[in-house]
Amino acid sequence: MQQGTLMRKVKSKSWKKQRYFKLQDDCMTIWYQSKRTGKIESAFSISDVETVREGHQSEVLQSLAEEFPPERCFTIVFYGRRGNLDLIAGSAEEAQCWVQGLRQLIEPRSFPLTSALVSRTWIRDWFQRADKNKDGRMNFKEVQRLLKMMNVDMNEDHALRLFQDADKSESGTLEGEEFVLFYKALTQREEVQSLFQDFSEDGKKLTLLELVDFLREEQLEQEGTEELAMELIDKYEPSETARARHVLSADGFLMYLCSPEGSIFNPHHRVLWQDMSQPLCHYFISSSHNTYLIEDQIRGQSSIEGYIRALKRGCRCLEVDCWDGPNGEPMVYHGHTFTSKIPFREVVSTLGKYAFKVGLPSPHTDVMGGPRRGEGARLESVELAPSSAGSWGAASPKSPFPTPQELKHKILLKGKKIGRLEDTLDGPGDEAPDASDDDNGAEAEEERRRAKVGGTQHSRALQKDKESLAQALSDCVVYCKSVSFRGFQEARSHSRPSEISSLAEAKARKLIRDAGNEFVRHNAWQLTRIYPSGMRTDSSNYSPQEMWNVGCQIVALNFQTAGTEMDLCDGLFSQNGRCGYVLKPPFMRDEETAFNPSDPGSREGPGPTTLTIQVISGQQLPKVANSKDGAIIDPLVRVEIHGVPADQAHQETKYIENNGFNPRWDETLQFQLHVPELALVRFVVEDYDKTSRNDFVGQFTLAFANIKPGYRHIHLLSKDGTSIPPSSLFVHIRITE
């Protein structure tokens, strides 16, 4: 890999160009250049690579299956929303060399990195980037360049003093351990040191009892604090001697604070911690809209990658828009638009492969999208939600609505149905085979408007709303029979728990405004799906929060579009083992509830909760993407509360000039929460700009219910929701009722 290899980079059946790929000496970067021009085209860091797939495991490589054998093909998959890299090697041996080599290089990150290891990797990374002449040592000029790259604005005298202190060999350059010393002096955390001193009698160590005091008084750890203190010393104290004496040094204390146990996110809520034996309608379900699209809604690309990415993100409700294709084979794409098409068989094969393997500790039911045949024209958009061993058969219900626990490893199809659910289970009755009411009237209307936006003329096809339905397909629809929504009264009198209605975002908003309490009650016994307006042709998203506030379970978002809305979605579903199901609070599961999100007093329970956040400091914040080289950021922190209307709020700190490396704010922000059970808290770091909009630096979002009080680190995420170690915020959290 370090010698370099000539391979074909492939973008389509006709675009296959030879490129020379080479792993750099730092073993951290791969660059490739054009064979024809010799120009270096691009480079990527090993840390950007999520996984490597062998063989024809992408649409592009599948289309070339007859031309190139699978053993020469592989796909490099990146974190976030960056496109994959499809490659064809000259031989099976060369392909294996790269596949195995890349897996070795990304392997260490499959284990949780200790903060020490992150720090070491980070130090090595910076050293190699700044060591311009690659002689393995760094002179003062290179160090100054490095400080600029690292977002540090430091006066020359101070930098020189640190440099000379670290240069133990007095050679005028730093190498190896000397650079580590320099880096440690640079990253000295005074705020952590003074906290350590507050609890340490001799200022050098925390005894077991002193650590227990800190955990009880500051971190509000209630039970088993002595066992926890012992555990933390064993896990995070770097010195063997100190470990043997059951004491924690300042280094060990900092490592604990940077660890998962010192994170703002309650580690007990990372795993599956909620009751999974309630009816399905009692859960919020992670849901995506037009899952096959990875770009816009009119001309964007359809790809199985859309399904893979959504499933890996913990999404449990996918959409599959099926239309008749050539030779009677159904195709998946966005009807009446110019989006590209993918065969339905590829979609279901992908679902079979990825639906239950997202690394979830316990994959529960998956509500996804499946097909419904149109009159000679289309299989309607469907939600599929998974049957044992991936079969699509009907399951027999024991209760009005089964639980995620009972539906594990099953796929539910949402769609139209001939007759009633009872007839499917008791065998066919004498009823005429009329399809159930369509719930897509609103969506069809949206499509008419979208067709105009897209400039297509399909109005005649759209007029054909009368559809015939195959009996076999109808029988697959068990718990999610689509019905039109004709008002809450009508639903209460004539609907069944096994039925589901889909509402456009605008219709849902009107119902929230006019009948908030009725909406909450309705969602306590029946599923509701919300989808984006057809006018969102750019794949933008609406706020899911207002829909969750009334208990809507299937709030479908465009997963391909980064932004606040997807941060909220990732934030809510990052708990409970990332299984894609989050239990609604008790007052939203009661069919007679008085709760209305626009009147917080209607929630039974204690009065408002006060959330006090002291924003202390930031650590090694990333530079703004596409900023001028050398532009050091002026960071500020904004804390946003997303919840019921009375709780919606945001406050921000002042900005710190020219310091993205270790800014100190020491500012306190305070919020009143009337319905904390529904609140999400989003921490955003921005680069202040007085002439234009601030630039995004990083964010972290979590449900209020998952916050740990005390001194905590917040490990920031990129726009795409991927981690950016070691960037973090250090805060103190207090919650009072």
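Buried means under 20% relative accessible area, exposed means over 50%, and partly exposed is whatever falls in between. Keep that in mind for the views below, which come from a predicted model.

**Figure 1. Arginine 509 and glutamate 546 pair up in a salt bridge.** Here the closest N and O atoms sit 3.0 Å apart. The two partners come from distant parts of the chain, with arginine 509 in helix H19 and glutamate 546 in helix H20 (residues 545–548), 37 residues apart. Buried or exposed, or something in between? Arginine 509 has a relative accessible area of 23%, so it goes down as partly exposed. Glutamate 546, at 27%, is partly exposed as well.

**Figure 2. The whole chain, before zooming in further.** The chain has 737 residues, and 54% of them count as buried. You'll find 21 helices and 31 strands along the chain. About 32300 Å² is exposed, with carbon and sulfur atoms supplying 49% of that area. A search of the whole structure turns up 29 salt bridges, and there are 18 aromatic pairs.

**Figure 3. A salt bridge joins glutamate 305 and arginine 53.** Side chains of opposite charge can pair when their charged atoms come close. In this view the N to O distance is 2.7 Å. Glutamate 305 belongs to helix H12 (residues 304–312) and arginine 53 to strand S5 (residues 49–54), so the bridge ties together parts that are 252 residues apart in sequence. How accessible are the two partners? Glutamate 305 is buried, since its relative accessible area is 6%. Arginine 53 is buried too, because its value is 5%.

**Figure 4. Arginine 664 and aspartate 666 meet through their side chains.** This salt bridge spans 3.1 Å, N to O. Arginine 664 counts as partly exposed because its relative accessibility is 35%. Aspartate 666 comes in at 38%, so partly exposed is the label there as well.

**Figure 5. Six charged residues share a network of salt bridges.** The members to look for are Asp567, Arg638, Glu640, Glu652, Arg682 and Glu686.

**Figure 6. Phenylalanine 401 stacks with tyrosine 479.** The ring centres are 5.8 Å apart and the planes make an angle of 25°. Where do the two rings come from? Phenylalanine 401 is in the loop between strand S17 (378–384) and strand S18 (411–415), while tyrosine 479 is in the loop between helix H17 (471–476) and strand S19 (480–482). That puts these distant parts of the chain 78 residues apart. Both phenylalanine 401 and tyrosine 479 are buried.

**Figure 7. Phenylalanine 488 and phenylalanine 519 make a tilted pair.** Their ring centres lie 5.3 Å apart with the planes at 50°, so the pair is called tilted. Phenylalanine 488 sits in helix H18 (residues 488–494) and phenylalanine 519 in helix H19 (residues 505–522), 31 residues apart. Both phenylalanine 488 and phenylalanine 519 are buried.

**Figure 8. Four phenylalanines gather in one aromatic cluster.** Look for Phe196, Phe199, Phe214 and Phe253.

**Figure 9. A patch of negative charge sits on the surface.** Glu226, Glu227, Glu231 and Asp234 make up this patch. Glutamate 231 is part of helix H9 (residues 225–236). With 49% relative accessibility, glutamate 231 counts as partly exposed, because exposed needs over 50%.

**Figure 10. Glutamate 170 and asparagine 576 have positive phi angles.** Most residues other than glycine have a negative phi. For glutamate 170, phi is near 55°. Glutamate 170 lies in the loop between helix H5 (156–166) and strand S9 (173–175), and counts as exposed because its relative accessibility is 71%. Asparagine 576 has a phi of about 55°. Asparagine 576 is in the loop between helix H21 (564–573) and strand S23 (581–583). At 0% relative accessibility, asparagine 576 counts as buried.

**Figure 11. Leucine 23 in strand S2.** The strand covers residues 16–23. Leucine 23 has a relative accessible area of 4%, so it is buried. Its C-alpha atom is 9.4 Å from that of threonine 5, with 18 residues separating leucine 23 and threonine 5 along the chain.

How values were computed. Residues are numbered from 1 along each chain as its sequence is written. This is a predicted model: local features need pLDDT of at least 70, side-chain atom pairs count only at pLDDT 80 or more; totals for chains, interfaces and linings use all residues. Side-chain values use heavy atoms; hydrogens and water are left out. Patches are made of residues with over 30% relative accessible area and no salt bridge: like charges are joined within 9 Å, nonpolar side chains (Val, Leu, Ile, Met, Phe, Trp, Tyr) within 5 Å. Accessible areas come from the Shrake-Rupley method with a 1.4 Å probe; for residues, only the protein chains shown count as cover. A salt bridge is a side-chain nitrogen of Lys or Arg within 4 Å of a carboxyl oxygen of Asp or Glu. Lys and Arg count as positive and Asp and Glu as negative; His and the chain ends are not counted. The place of a charge is taken as NZ of Lys, CZ of Arg, CG of Asp or CD of Glu. Helices (H or I, at least four residues) and strands (E, at least two) are DSSP runs, numbered from the N terminus. Buried means under 20% relative accessible area, exposed over 50%, partly exposed in between (1.4 Å probe, protein chains only). Rings of Phe, Tyr and Trp (its six-membered ring) pair if their centres lie within 6.5 Å; planes under 30 degrees apart count as stacked, over 60 as edge-to-face and the rest as tilted.
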